[in-house]
Amino acid sequence: MSFENLGLNQSILKAVLKKGYTKPSPIQQKAIPLILKRKDILASAQTGTGKTAGFTLPILQLLTKEKHPGGKTVRTLVLTPTRELAAQVFENVKGYSEFLNLKSAVVFGGVNQNPQIRALKNGVDILIATPGRLLDLHQQKALSLHQVEILVLDEADRMLDMGFLRDIKRILALIPQKRQNLLFSATFSKEIKKLANDFMRQPVLVEVTPENSTVDQINQKAYAVDKKKKTDVIIDLIAGGKWQQVLVFTRTKHGANKLTQKMVKCDVSAMAIHGNKSQAARTKALAALKNNDIRVLVATDIAARGLDIPLLPHVINFELPNVPEDYVHRIGRTGRAGAQGEAISLVSLDEMTYLRDIEKLIGLELTPEELEGFPLTDKPGDFDKPAGSKSNQRRNNRPKSGNSRRKPFKRKPKS
Ligand code: AMP
């Protein structure tokens with residue numbers, strides 16, 4: 001299957017060629033023909049699968065068929081949960097539409113709205129927006145949504161996690177009922193299915209087969225580490241392995257700051273991104289990682305959501321997320337679009353419940369290995385409790401018999 005077979009026009013093919021893509025990714029092969037047929041689609045696809053081009057390329061083609069109606073109207077609305085993802089989708093849209101006569105803009109909160117108002121003044125073909133700023137600008141009559149033909153909800157699961165359901169409903173009430181709907185989500189929870197049922201018209205379910213999914217291209221490892229030794233372990237792994245471009249996840253903003261400071265003290269260049277950092281600081285930190293000016297970016301889940309860091313070789317979970325789906329999002333930052341990546345999780349005893357929930361979600365056992373040079377003070381056998389989150393939690397809180405291990409944990413020689 002080639003991009004030529006997908007029915008895209010020459011100007012779009014030229015932009016794709018310029019990007020250097022040789023073959024459409026599985027999600028692109030499935031989604032592009034359906035979107036061109038004006039179907040609603042419900043696609044399970046995480047960042048790293050090529051989903052952005054999967055919806056952008058066919059949308060561009062559909063938009064070239066008719067002229068912009070004029071005024072402050074928007075013809076396609078792409079909603080994203082975070083500013084970073086919005087900015088990144090916008091960059092993609094600009095790249096793919098380079099040889100077309102279509103206008104695009106992006107709006108998100110946390111920055112001055114005047115340039116955004118100016119960009120919307122004569123209407124746009126595609127607007128990428130976070131829900132809050134979009135509603136703000138709509139209220140100020142900076143744009144008109146009554147001509148929206150295509151609506152995209154990108155990373156819909158995260159939008160719901162972030163509490164955007166009410167905003168989404170308000171936006172749905174502002175756009176025409178007759179439109180094409182495209183929903184992309186890494187996971188399909190009950191809430192996502194309900195949302196889809198409420199606003200889509202017989203959507204076609206698009207799923208990429210597990211063999212092609214990003215998760216399969218990622219070498220996933222878990223190391224059993226005493227909680228208090230995690231900082232030493234991570235610095236040892238990164239410095240010892242001479243790793244560059246490492247994305248590290250912490251659970252809290254404070255944790256991200258603390259870890260960053262410790263790394264810098266140990267001569268491992270690092271920056272942190274989280275909700276308390278300004279947009280400018282986040283953009284700067286991401287650019288520094290991309291340009292190899294720093295080795296490590298320490299991020300919280302919300303800040304890292306949707307970041308596009310091509311060919312990122314290492315993702316480390318300094319702490320496991322308590323929502324298993326976040327693990328899939330996190331490791332989706334590596335092994336993207338065909339490249340191999342490595343995702344390492346440092347698991348302390350109190351996180352075994354989280355690990356078991358993650359294993360259930362991804363259908364893979366990640367038995368934590370002990371690292372040489374960092375012997376465990378916590379009893380090693382405790383790192384190998386059977387899956388089953390609730391009961392596991394209780395087990396961890398119970399006096400240990402010490403002989404309940406199902407399978408011995410592995411010992412990993414220090415490389
Ligand atoms: P996305 O899943 O949309 O965040 O895209 C992940 C990465 O894959 C981005 O860096 C894209 O530029 C890249 N990409 C998208 N489609 C392709 C393709 N067909 N071949 C190679 N890389 C691609």
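**Loops, a ligand and a few helix faces**

K141 is exposed, with a relative accessible area of 63%. Here "exposed" stands for over 50% relative accessible area, "buried" for under 20%, and "partly exposed" for what falls in between (1.4 Å probe, protein chains only). The model is a predicted one, in which local features need pLDDT of at least 70 and side-chain atom pairs count only at pLDDT 80 or more, while totals for chains, interfaces and linings use all residues. Residues are numbered from 1 along each chain as its sequence is written, and side-chain values use heavy atoms, with hydrogens and water left out.

K141 sits in the loop between helix 6 and strand 5. (Helices are DSSP runs of H or I with at least four residues, strands are runs of E with at least two, and both are numbered from the N terminus.) Its phi is near 60 degrees, which is positive even though the residue is not glycine. Q202 tells a similar kind of story: phi is near 35 degrees, again a positive value in a residue other than glycine. This residue belongs to the loop between helix 9 and strand 7 (204-207), and Q202 is exposed too, at 76% relative accessible area. R38, which comes after helix 2, also has a positive phi, near 65 degrees.

Now for the whole chain. It has 16 helices and 15 strands, and 55% of its 415 residues are buried. About 18,400 Å² of the protein chain is exposed, with 51% of that supplied by carbon and sulfur atoms; such areas come from the Shrake-Rupley method with a 1.4 Å probe, and for residues only the protein chains shown count as cover. Contact means heavy atoms within 4.5 Å. Of the contacts in the chain with a separation of 6 or more, 74% join residues 24 or more positions apart.

Next comes the ligand. It is surrounded by 15 residues, and the closest are Y21, Q28, G48, G50 and T52; a residue makes this list if one of its heavy atoms lies within 4 Å of the molecule. The shell splits into 4 nonpolar, 7 polar and 4 charged residues. In this sorting, Ala, Val, Leu, Ile, Met, Phe, Trp, Tyr, Cys and Pro are nonpolar, Asp, Glu, Lys and Arg are charged, and the others, Gly among them, are polar. A polar side-chain atom of T52 lies 2.5 Å from an oxygen atom of the ligand. A polar side-chain atom of Q28 lies 2.8 Å from a ligand nitrogen atom, and a backbone N or O atom of K23 is 2.8 Å from a nitrogen atom of the ligand. On its own the ligand exposes 500 Å², and the protein buries 86% of that.

Q28 deserves another look. It is part of helix 2 (residues 26-36) and is buried, with a relative accessible area of 4%. Setting aside neighbours within four places in sequence, Q28 is in contact with F3, L6, K23, P33, G50, A53 and G54. Q28 has buried company in helix 2, including I27, A31 and I32. The cover over the buried residues of this helix includes strand 1, helix 3 (51-64), strand 6 and strand 7.

Helices 8 and 9 come next. In helix 8 (residues 165-172), D167, I168, I171 and L172 are the buried residues. Down the helix 8 axis, they fall within an arc of 140 degrees, so they line one face of the helix. (The arc is taken over the directions from the helix axis to the C-beta atoms.) They pack against strand 2 (74-79), helix 6 (131-139), strand 5 (150-153), helix 7 (156-161) and helix 9 (190-199).

For helix 9, the buried residues are I192, L195, A196 and F199. They fall within an arc of 100 degrees when seen down the axis of helix 9, so they line one face of it. Their cover includes strand 1 (41-44), strand 5, helix 7, helix 8 and strand 6 (180-185). On the face turned away from the buried side, helix 9 carries the exposed residues K190 and N197.

Last up is A343, in strand 13 (residues 341-347). A343 counts as buried, at 0% relative accessibility. Not counting residues up to four places away in sequence, A343 touches I218, N219, Q220, K221, V315, I331 and T334. V246 is 97 residues from A343 along the chain, and their C-alpha atoms are separated by 9.9 Å.

Key:
A polar contact is a pair of N or O atoms within 3.5 Å; within protein, one must be able to donate a hydrogen and the other to accept it, and residues adjacent in sequence count only if both atoms are side-chain atoms.
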